[in-house]
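Reader: Hi! I'm in my first year and still learning how to look at these models. Could you take me on a close look at one part, the largest pocket, and then show me what else there is to see around it?

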Amino acid sequence: MTYDNIIFEVENGIATITFNRPKALNALNSNLLQEFSQALDEIFGNDDIRILILTGAGEKSFVAGADITELATFDPLGAKSFAQKGHATINKLQALPIPVIAAVNGFALGGGTEMAIACDFIYASEKASFGQPEINLGLIPGFGGTQRLTRLIGKNRAKEIIFTGKMISAAEAKEMGLVNKVFSQEALMGEVTKIAKAMASKGKVSLRAAKQAINSGMDVDLTTGCMYEIDAFALCMASEDSKEGTTAFLEKRKPEFKGNLK
Ligand code: CO8
């Protein structure tokens, strides 16, 4: 499959999707969303891919939001359809069984923040900025911001960001738990690749089980979430890699995980 609006690369089990409309600061239009959705399907169907990294083309932007040129043409039903497609795609991203890291290299505004917070965690460059500026357009977030941002940083902080439309620096975003780590622009991709390789070297079954237990547990009460964890833990015990991990520890050697899904 060839893509015009994203760059999709896979190297040593690590996939990278680069949003690639730098002239529009990588704004999300229908074509880009469609291609991104197809790339996610490719990743879902390829068990050799162990980690996904999302980033933006150019020095300036991760994703500057939905494409306002396209947005301005929508009637309410067109807007609903676009928002539904955006939600379906971002839900698909969040539901990927493998770890997904957002490498935020610049503006992550509106749909850009919404894309980044649907990833498992965010590493940002010190030039990155976040925000939900839709209020400045007479709109509200439409790709999950009112829901995911609130769950991630709390109701009051999310309301402040959404009601004011103000931009948040990478340092502020880190302080409020939106971003895990901040690096210089030059160091960002190297650091993201380093953590991706470290995670890719772990057992495939256990990485997936941990992600599933955390994500499923976020939407239910603690008791139900703990039940999910118990089942996920038991599933890991059935894997080749858990046998290797525990045996290697007892034999005082480094584990050699095969990374099979069995
Ligand atoms: N859409 C379309 N084009 C954009 C966008 C965008 N979101 N952002 C930037 N561009 C374009 C500019 O128009 C400009 O194009 P041109 O060179 O042809 O004039 C080019 O990118 C460079 O942008 P600027 O010259 O503005 O660059 P600056 O460095 O001066 O400013 C900013 C950068 C601050 C990022 C500024 O471009 C900006 O404010 N952009 C808009 C950010 C925004 O409001 N994003 C939210 C969009 S709404 C949204 O995401 C809702 C999601 C859910 C939708 C569901 C609804 C159905």
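Author: Sure, let's start with who builds the pocket wall. Helix H9 gives the most to the lining of the largest pocket, with 9 residues. Keep in mind as we go that this is a predicted model.

You can find H9 at residues 204-218. It isn't working alone, though: H3, H4, strand E7 (121-125) and helix H5 (145-153) also give two or more residues each to that lining. Altogether 29 residues line the pocket, and its volume comes to about 890 Å³. If you want to put your cursor in the middle, go for Gln-94, Asp-120, Ile-214, Asn-215 and Met-218, which lie nearest the centre. Sort the lining by class and you get 16 nonpolar, 7 polar and 6 charged residues.

Now hop over to the ligand, where you'll meet H3 and H4 again. The shell around the ligand takes two or more residues from each of these elements: helix H2 (68-71), helix H3 (76-95), strand E6 (107-109) and helix H4 (111-117). H3 supplies the largest share of that shell, 3 residues. In total, 25 residues surround the ligand, and the closest are Lys-60, Ala-64, Ala-66, Ile-68 and Gly-111. By class, this shell splits into 16 nonpolar, 4 polar and 5 charged residues.

Zoom in on some of those close neighbours and you'll see oxygen atoms of the ligand paired up with the protein. In the case of Lys-60, an N or O atom of the side chain sits 2.8 Å from a ligand oxygen. Ala-66 uses a backbone N or O atom instead, 2.8 Å from an oxygen of the ligand. Gly-111 also brings in a backbone N or O atom, this one 2.9 Å from a ligand oxygen. As for how covered the ligand ends up, the protein hides 64% of the 1,100 Å² of accessible area that the ligand has on its own.

Strand E6 has turned up at the ligand, so let's follow it into its sheet. E6 belongs to an open sheet of 4 strands in the order E4-E6-E8-E9, with mixed pairing. The edges are strand E4 (61-63) and strand E9 (168-169), each pairing on one side only. Here's a handy bit of background: strands of a sheet pair through backbone hydrogen bonds, either parallel or antiparallel. E8 (residues 129-131) and E9 run antiparallel, joined by 2 bridges. To spot the match-up by eye, look for Ser-129, which stands opposite Ser-169 in E9.

Last stop: the enclosed spaces. Rolling a probe the size of a water molecule over the atoms shows where empty space is left. This structure holds 2 cavities of 30 Å³ or more. The second largest has about 30 Å³ of space, and its lining includes Phe-130, Gly-131, Ile-168 and Leu-178. No charged residues appear in that lining, just 5 nonpolar and 3 polar ones.

The largest cavity has a volume of about 40 Å³. Among the residues lining it are Ile-43, Phe-44, Asp-47, Leu-96, Pro-97 and Arg-208. Its lining does include charge: the split is 6 nonpolar, 1 polar and 2 charged residues.

Methods: Residues are numbered from 1 along each chain as its sequence is written. This is a predicted model: local features need pLDDT of at least 70, side-chain atom pairs count only at pLDDT 80 or more; totals for chains, interfaces and linings use all residues. Side-chain values use heavy atoms; hydrogens and water are left out. A residue is near a molecule or strand if one of its heavy atoms lies within 4 Å of it. A polar contact is a pair of N or O atoms within 3.5 Å; within protein, one must be able to donate a hydrogen and the other to accept it, and residues adjacent in sequence count only if both atoms are side-chain atoms. Accessible areas come from the Shrake-Rupley method with a 1.4 Å probe; for residues, only the protein chains shown count as cover. Ala, Val, Leu, Ile, Met, Phe, Trp, Tyr, Cys and Pro count as nonpolar, Asp, Glu, Lys and Arg as charged, and the others, Gly among them, as polar. On a 1 Å grid over the protein atoms alone, a cavity is a set of points where a 1.4 Å probe fits but cannot get out, and a pocket is an open set with protein on both sides within 12 Å along at least five of seven lines; lining residues have an atom within 4 Å of a point. Grid points are joined across faces, edges and corners, and a volume is the space filled by probe spheres set on the points. Two strands pair if DSSP finds at least two bridges between them.
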